Structures are given as structure tokens and as C-alpha cells.
Amino acid sequence: MAESEQPKRRAAQAHRLKRLHNAAEQPSRGAKANAVTDCGWGRLIFGHTFDSADALAEALRAEGPEERDIAFYVRDPHVLLANAPQELFLDPSHTFRLNLSTYRVASRRRKGFHIRRLTTREDAEAVNAIYAQRKMVPVSPDFFWTARDGRTLTVLVAEDAESGAVLGSVMGVDHARAFDDPEKGSSLWCLAVSPQAPHAGLGESLVRRLAEHFKARGAAFMDLSVLHDNDQAIALYEKLGFRRVPVFAVKRRNVINERLYSGPDPAEGLNPYARLIVDEARRRGIHVEVTDAEGGFFRLTHGGRSLRCREALSDLTSAVALSLCDDKRATRRVVAQAGVRLPEQLDEDSAAARAAFLERHGMLVVKPARGEQGRGVAVGLTTPEAVEAAVEIARALCPDVVVEECFTGQDLRLLMIDYKLVAAAIRRPARVVGDGSATVRALIETQSRRRAAATDGESRIPLDAETERCVAEAGFGLDDIPPEGCEITVRKAANLHTGGTIHDVTAQVHPELVSAAINAARAIEIPVTGIDLMVKAHDRPDYVFIEANERPGLANHEPQPTAERFIDLLFPLTVPQAVRKKERNTR
């Protein structure tokens, strides 16, 4: 480097350092002192408006129960932490800033959904449902309702253009309104997209719309805080032009924040289904010993009682019940004796018999007699060639292949614990929605990444022969580009492990369906099971029994209290007194 360039380089470096220092300082001259904004999930405390660490620590101590306050723009976090080291911790998040003066609006709006302000109580309830799916702190619908016309907080939702369902949400805070910010800043909080959403680009669209909203109001920048290891979110923000700034946040040590400051988790490595149970057990003071994290095995011990579990499968499930669930033909014979309705099944194993069976029913299902997680299951087969191809795939997994009539309708999972209904949900097959530019393959890969991220890798859409068949049935190839708004069902089986989605209907399920599930569970004598029915509608009595799952995924049914009821069954003496009293009163 030439000597003449060195002073310029040093000056540029000094200028950059000065800008970073100014960003961190966030001068509060002219701003309201001790500024706090209630966001519903907790309070946003603007740390740079406090004159002392003592005053800021006191503000954090005033955090409400079941809330999550955040002190943001903390000038000297080391001083604040020294003031209350047992109560506070430095949030392991990065702060990113979008310069709104240089931000450019997207040239093309995505179709299939639109962004609007939260306007109804139903919107608020839908947003809370997404928060629950994402394990975020819920917000009282009354708070959303009273704050809907305010100017400090802005809550946007993404609404499906066809169904009207709320698929995502984001909250924004106008700093000028919150504390007369002389810097004219704003910030983004609580970006959340439903893991069930079929559209790509929802998160990006919500961020962009909020940025445009604040830019129109004259804001200079929009900040956000994101966990340091959330690589997927960080990649999105950097793509949109956000740049990291040295701004820090401090939070209180509480149950909600525990995983952020408690160090290595003894249950680390467990999948979401096992972790949900372990977390509930630890909350009740039950000792947890993880024996095989990769396989989801752990032991729970309390008051002299010790039980081994693999996710929701425990020592309380007998080997006979497990064997029955593993063999679909045996399951069928047992539940038939209990009066449970079944689809007609083919007994003869020949291509000619299958062709005749197909001609009689018009549509068939093929699946291995033993297996789980939707592997080898083909649904909605309408040609002899498709049936034979599916049989070969299923036979590679199990020599005994089940062929039965296809009952058209919805796939209903009823989660039974102690022979009582705990949760009911409609399961829908994986689907993608075209955007006019991406291939079917790319859409599937994007949706698969979203499902994997939402389920810690438990749900993915396989790019296999069955997916290719379903795409071809819709009139496309994997490398075709479907038009904008075109919805393609890429799997016929509504299995969560192959990218399916789940939609809670616990409060609306028909009593006849619940009765069928109870009868099936009692016939198998299994205390914890997922009973799968095909139904015309979840609020109608028509059904056929499909199978019983001995290890149902409890985490799929949040916010229903699945883990709570599971631990109640295993350790009845740990049931909270209020719950016991309620159960006695309902008997």
C-alpha cells in the first residue's frame, strides 16, 4: 500500500469506529427520562434514558409475573450486571440496524397472502397461537385489542389470501412516540411465522412492511435483537440490508429466560418430543437422567418411583400393546372386536387381486404392515401401475404389505392419555404455493427447511418417488415453475415427519370420534397413544380407523397440555392440587 493511502485508511477506520461508538451510546439528550413501553409480553426498557445503573436495575426488578422485560440500549452493561449479578444477565443476542434513509422498497409483492394491521380479537388469538408454537411469551388478547389504535406500538399480521388464516406477525415500536427519541429510531420485535404456513417469504414480507411503515413515519432506522446462533434469521436480516451494531440488552434471570443463562442443558441433544416431557418433569422436581439423547431415551425418578421413557413411550405401555401397534394387521383385528369401524382391506397378495380391488374402490392406500413416521405409505392411488410401484416401495421396508380402500376426507389424530382425550388435530399433507419464479423443487426445499427449523429437524419433505408422483398428479414436474398462487399438494399422506402440518380441533371434535378413540385405546390396552382416523369432518361422526401410534409426538399438539397430562399419568402424586380438585369436581 502506498504511503499516501495510509492516512486515508486510518481516517476511514477512525470514522467507522466513531460511528459504532455513537450507535452504542444512543444519546438520550431531549428524550423522556426512565422510558418504558409495555409490549404485552413484557416491557421494553430504554436503558440509555436512565441516569444510573441503580435506577435501571430497579426497573428490571419490577418485571411482572409470566412476563419478559428487556432493557435495551444499555450503555454500560458491565456496570449494570455488577449492580445485581444474581438477578440479571447479558442477553446473548446481536443487535442489527436497518438504515431507513437508504432502504429501498421491494420491487415485487409476493402473492398468496397480504400484510395488514392487527384489527380483531380473532387476530390476537391467532397471533398468540403462533407465539405458543414458537415457544414465545403470549400476549393478552385484551392488550392487543386496547393497543390496536395506538401509535407507539404497531402489530402487523400476514393473512392467507384464500383462507383468511393469520400466518405470521411482527411488532414494531416507534421510539419517537415512546420516549421522544431525538434520533428518530424504531425497533422490530416478535417476528413469528407459523410453522404450518405454506407460503415462502412471509418473514421477509413482514419485516419489509414494518420498515416501510416506519420509513413513511420519518424514522431514521429500525433496530432488532436476534439470538447469536439464529443463523437463518441473521441471514435474512443481512440480506435485507441490516448491519450489526454494538448495542446490548440485559434481562432478568427467570424461568422464561433460563435457557439463555443457565449454561449447558442436561437434556441437550433430545428431540422436541422428548424435551417437552423432560422440561415438564424438571418443573415438578422430578429427577431426569438422559440415557440416550440421540434415541430420545431418559429415566424419570421421584419419591421412590422410577420409569424409563422413549419420548411418550414409557414402562407403563406393555410389550403386548407395543407389539399390537407395531403390526397394523393385528391392530385391525383387535379394534374390530371393539366395534371400531375399519376400511375394507385386501387379503390376497397378487397383482390381479390388487387390480380387481382397485376397480371396486377406485382409489387405494398402500403401506407396510410394520413401520412408522409415514415411511413407505402411498395414499390416493388410482392406477394399477401406481399401486404396484407403491407395493414394491412398501415391500422394501416390510415383506407384509397392506392394501386397503382409500377413505377420502381429513386425517384426524386423537391423542389419548389414560384413556381420555387430551388433544385432537387435523393433519394436512405437505403443500407448497407457487410464486411465479421458483421451481417446484425449490419451493419444496424452502418449505422443508422451514418445517425442519420449526421442529428441530423432525419434519422434512423428502424428494423421493412418492413426492414426484404427487407433483406429477398435480400436472407438474419437479423442475417446472408453477404460476403465482398455485397450490400443489406434494404428499398425499398427512404425516408430520414428511412435512405435513397439524391444526388443533380439540374443542370441536365430535363425541362419536372421541368414543371410537377411547374404544380403540382400551381394546389395545395402551395408556398413551395417538389414534388416527380418517373423517369426513372433525365435527361429524363419520370415520374409519387407520392405526394406533404407541409413541405419539406430544410436542405436535401445543398449546394443549400434553406433557402435563403425561407426567400426571406417570407420577400422579406430583399433580398440582388445583388440578386434582378440578378433576374431582368433574367426576
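Two exercises with worked solutions follow, on a helix and on a sheet.

This is a predicted model in which local features need pLDDT of at least 70 and side-chain atom pairs count only at pLDDT 80 or more, while totals for chains, interfaces and linings use all residues. Residues are numbered from 1 along each chain as its sequence is written, and side-chain values use heavy atoms, with hydrogens and water left out.

**Exercise 1.** Compare the expected span of helix H10 (residues 272–283) with the distance between its end C-alpha atoms, and state which elements its buried residues pack against.

*Solution.* Helices are DSSP runs of H or I with at least four residues, and strands are E runs of at least two, numbered from the N terminus. The expected span is 1.5 Å times one less than the number of residues, so the 12 residues of H10 should span 16 Å, which agrees with the 16 Å between its end C-alpha atoms. Next, the buried residues (under 20% relative accessible area, 1.4 Å probe, protein chains only) include Tyr 273, Leu 276, Ile 277 and Glu 280. The buried residues of H10 pack (contact: heavy atoms within 4.5 Å) against strand E13 (287–292), strand E14 (297–302) and helix H18 (562–570). Just after H10, Gly 285 takes a positive phi of about 80°.

**Exercise 2.** Give the strand order of the five-stranded open sheet and describe how E4 pairs with strand E12.

*Solution.* Pairing requires at least two DSSP bridges between two strands. The order is E1-E2-E3-E12-E4, with mixed pairing, and the edge strands are E1 (36–38) and E4 (88–90). E4 and E12 (residues 249–252) pair in the antiparallel sense over three bridges, and Phe 89 stands opposite Lys 251 in E12.

How values were computed:
Buried means under 20% relative accessible area, exposed over 50%, partly exposed in between (1.4 Å probe, protein chains only).
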